[in-house]
Amino acid sequence: MSSNQIRLKSGTEIRLKPRSSWTPSQIVLTVVGVAVSALFLAPIVAALLTSFKSETEAAAIPPHWAPVEWTGQAWSSLFESGNITNWFVNSFVVSVCVTAIVLVVSALAGYGFARTEFRGKSVLLGLVMAGLMISPAVLGVPLFTTVQQMGMVDTYWGMILPQCAPAAMVYILYKFFQGVPRELEEAAFIDGAGRWRVFFTIVVPLARPSLAAVGIFTFIASWNNFLWPYMVTNNPDLMTMPNGIATVMNSYGIQWAQLMAGGLMAGLPLIVVFVFFQRQIVAGVAHTGLAGQ
């Protein structure tokens, strides 16, 4: 019996097809994929290795990848000099609250624009879409003035509410709801279901991939938001991770090893979210119809 044949217990022989060699296009795509992956992983690896260097070695010129003497001084200094536990909790609370509010607001607004007719709908939709063309930095001063007049400076709500105007997320769910067959809703209406019951029992379950993508995008954007929490709070106990780490660096100078350790701490939840929810991100983008636009 040749090497490309398998004999079963019944005596039947199965001939296996020889493994085809790689085509030139497959080789090129593999090499390109490895190169791009290495390009994206290199900064993370460099930050991790730098965090285990001493401050003197981390600031050495020319720099080198692996530390000569491995030390966890940067990590211990980060926990000792900064209130990093509170910053982590604050970032988590703010990001989760912003994500929950954005999901509710964008789902209701997107469904309302996609399925209901009312006077001034096109104008209101145009105003919402105009929010995509305005930089958040431009709105910093008027938002801060509003928050200050409402007495929400140095509060959780002052950091949360101004981040809950999701024009882009409304548009994503609006495009998805437009693609939901109206026949499903009409059948439920005939059976006596109301608009709210149709929304929560039919539309929302169908929109799970898009809602997951919107939630992940919002969580990542809120977690990485530096400018607005920096403007609205000066209380060290309310600072988020990006603001807290920046404060430590300003107080003690540029300490590269400690900076890299803090950056890895701040980026760890985002890496975990992407690793475990990358399938939902891809599925959400595909379901919204934005992949081909």
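The following questions and answers concern a predicted model of one protein chain.

Visitor: How many helices and strands does the secondary structure of the protein chain come to?
Guide: The chain has 293 residues, of which 33% are buried. Its secondary structure comprises two strands alongside helices, and the count of these helices is 14.

Visitor: What share of the contacts in the protein chain with a separation of 6 or more comes from residues 24 or more positions apart?
Guide: The pool considered here is limited to contacts whose partners have a separation of 6 or more. Within that pool, the residues 24 or more positions apart account for 70%.

Visitor: Of the area that the protein chain exposes, what percentage do carbon and sulfur atoms supply?
Guide: The exposed area of the protein chain comes to about 17800 Å². Of this area, the part supplied by carbon and sulfur atoms is 68%.

Visitor: Is Ser51 buried or exposed?
Guide: Ser51 belongs to helix α1, which spans residues 24-51. Leaving aside residues up to four places away in sequence, Ser51 touches Thr71, Ala74, Trp75, Ala257, Met260, Ala261 and Leu264. A residue counts as buried under 20% relative accessible area, and because the value for Ser51 is 0%, Ser51 is buried.

Visitor: Which word describes how α4 lies relative to α8?
Guide: Helix α4 (residues 84-115) and helix α8 (residues 167-178) pack with their axes 8 Å apart, at an angle of about 45°. Because this angle falls neither in the parallel, antiparallel nor perpendicular range, α4 is, relative to α8, oblique.

Visitor: How many charged residues does the contact of α4 with α8 have?
Guide: The α4 side of this contact includes Val102, Tyr111, Phe113 and Arg115, while the α8 side includes Met169, Leu173 and Phe177. By class, the contact of α4 with α8 has eleven nonpolar residues and three polar ones, and the number of charged residues is one.

Visitor: What is the handedness of the crossing of α4 and α11?
Guide: The axes of α4 and helix α11 (residues 208-224) come within 8 Å and cross at roughly 140°, which means that α4 is oblique to α11. The handedness of this crossing of α4 and α11 is right-handed.

Visitor: How many nonpolar residues does the contact of α4 with α11 have?
Guide: Among the α4 residues that meet α11 are Phe88, Phe92, Val98, Leu103 and Ser106, and the α11 residues they meet include Leu211, Val214, Phe219 and Trp223. By class, the contact of α4 with α11 has no charged residues and seven polar ones, and the number of nonpolar residues is twelve.

Key: Residues are numbered from 1 along each chain as its sequence is written. This is a predicted model: local features need pLDDT of at least 70, side-chain atom pairs count only at pLDDT 80 or more; totals for chains, interfaces and linings use all residues. Side-chain values use heavy atoms; hydrogens and water are left out. Helices (H or I, at least four residues) and strands (E, at least two) are DSSP runs, numbered from the N terminus. Buried means under 20% relative accessible area, exposed over 50%, partly exposed in between (1.4 Å probe, protein chains only). Contact means heavy atoms within 4.5 Å. Accessible areas come from the Shrake-Rupley method with a 1.4 Å probe; for residues, only the protein chains shown count as cover. Axes are lines fitted to C-alpha atoms, for helices over the stretch in contact, and angles run from 0 to 180 degrees between N-to-C directions. Angles under 35 degrees count as roughly parallel, over 145 as roughly antiparallel, 65 to 115 as roughly perpendicular and the rest as oblique. Ala, Val, Leu, Ile, Met, Phe, Trp, Tyr, Cys and Pro count as nonpolar, Asp, Glu, Lys and Arg as charged, and the others, Gly among them, as polar. A crossing is left-handed if the near helix is turned anticlockwise from the far one by less than a right angle, and right-handed if clockwise.
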